[in-house]
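Q: Please take a close look at a single part of this structure and describe it slowly. Then follow its links into the rest of the chain, explaining each term when it comes up.

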Amino acid sequence: NTIKFLISSTPDGLINFVSKGYGGRTSDVVIFEDCGFLDVLPEGSVVMADRGFKKIETFLHRKRCSLVRPPSVLNKEQMSKDDVLLTRRIASVRIHIETNNQTC
């Protein structure tokens, strides 16, 4: 059996939100919409999410928030130079956050 949580952290690794647990088959979008994170998310925030969080932009736009996520590779086409640089920048921030959260 699997249980899923939505966990948010600040760029310096401080965990600032933990949702209730959901069954493993619950989609990430359903958890995102239902867990109350949007209720505590300050207007104008920037949210970084994995590629798996599809279709959350609508919810974020309602709060005047923006989404940062790695560019998706569509149709196995080679990424542009700008997409490669953006992916590297996002990856470096994600690694920083994941490293800090693992030491907690």
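A: Two strands pair if DSSP finds at least two bridges between them, and strands themselves are DSSP runs of type E with at least two residues, while helices are runs of type H or I with at least four, both numbered from the N terminus. This is a predicted model, in which local features need a pLDDT of at least 70 and side-chain atom pairs count only at pLDDT 80 or more, whereas totals for chains, interfaces and linings use all residues. Residues are numbered from 1 along each chain as its sequence is written, and side-chain values use heavy atoms, with hydrogens and water left out.

The part to look at is the hairpin formed by E2 and E3, which have 5 residues between them. Strand E2 covers residues 7–9 and runs antiparallel to E3, the two being joined by 3 bridges. Across this pairing, serine 8 faces phenylalanine 17, a residue of E3. In the turn of the hairpin sits glycine 13, whose phi is positive, at about 95 degrees.

Following the chain past E3, which spans residues 15–18, we come to serine 19, placed in the loop that leads to strand E4 (22–23). Is serine 19 buried or exposed? Serine 19 has a relative accessible area of 5%, so it counts as buried (buried means under 20%, exposed over 50%, and partly exposed in between, using a 1.4 Å probe and protein chains only). The side chain of serine 19 also reaches the backbone nitrogen of leucine 6, at a distance of 2.8 Å. If we set aside the neighbours within four places in sequence, serine 19 is in contact (heavy atoms within 4.5 Å) with Phe5, Leu6, Ile31 and Cys35.

The same loop between E3 and E4 also holds lysine 20, which is exposed because its relative accessible area is 52%. Lysine 20 forms a salt bridge with aspartate 34, and their closest N and O atoms are 3.7 Å apart (a salt bridge is a side-chain nitrogen of Lys or Arg within 4 Å of a carboxyl oxygen of Asp or Glu). This pair links distant parts of the chain, since lysine 20 belongs to the loop and aspartate 34 to helix H1, 14 residues apart. Aspartate 34 is partly exposed, at 44% relative accessibility.

Helix H1 takes part in a further link. Aspartate 28 and lysine 4 meet through their side chains in a salt bridge, with 3.2 Å from N to O. Here aspartate 28 lies in helix H1 (residues 28–34) and lysine 4 in strand E1 (residues 3–4), so that parts of the chain 24 residues apart are linked. Both residues are partly exposed, aspartate 28 having a relative accessible area of 23% and lysine 4 one of 24%.

How many salt bridges does the structure hold? It holds 3, and one of them joins arginine 64 to glutamate 43, with the closest N and O atoms 3.4 Å apart. Arginine 64 sits in the loop between helix H3 (57–62) and strand E6 (66–68), and glutamate 43 in the loop between helix H2 (37–40) and strand E5 (46–48), so the pair ties together parts that lie 21 residues apart in sequence. Arginine 64 and glutamate 43 are both exposed.

To place the hairpin within the whole, the chain has 4 helices and 6 strands, and from the N terminus on its elements run β-β-β-β-α-α-β-α-β-α. The chain counts 104 residues, of which 26% are buried. Among contacts with a separation of 6 or more, 30% are between residues 24 or more positions apart.

Key
Polar contact = N/O pair within 3.5 Å; in protein donor to acceptor, adjacent residues only side chain to side chain.
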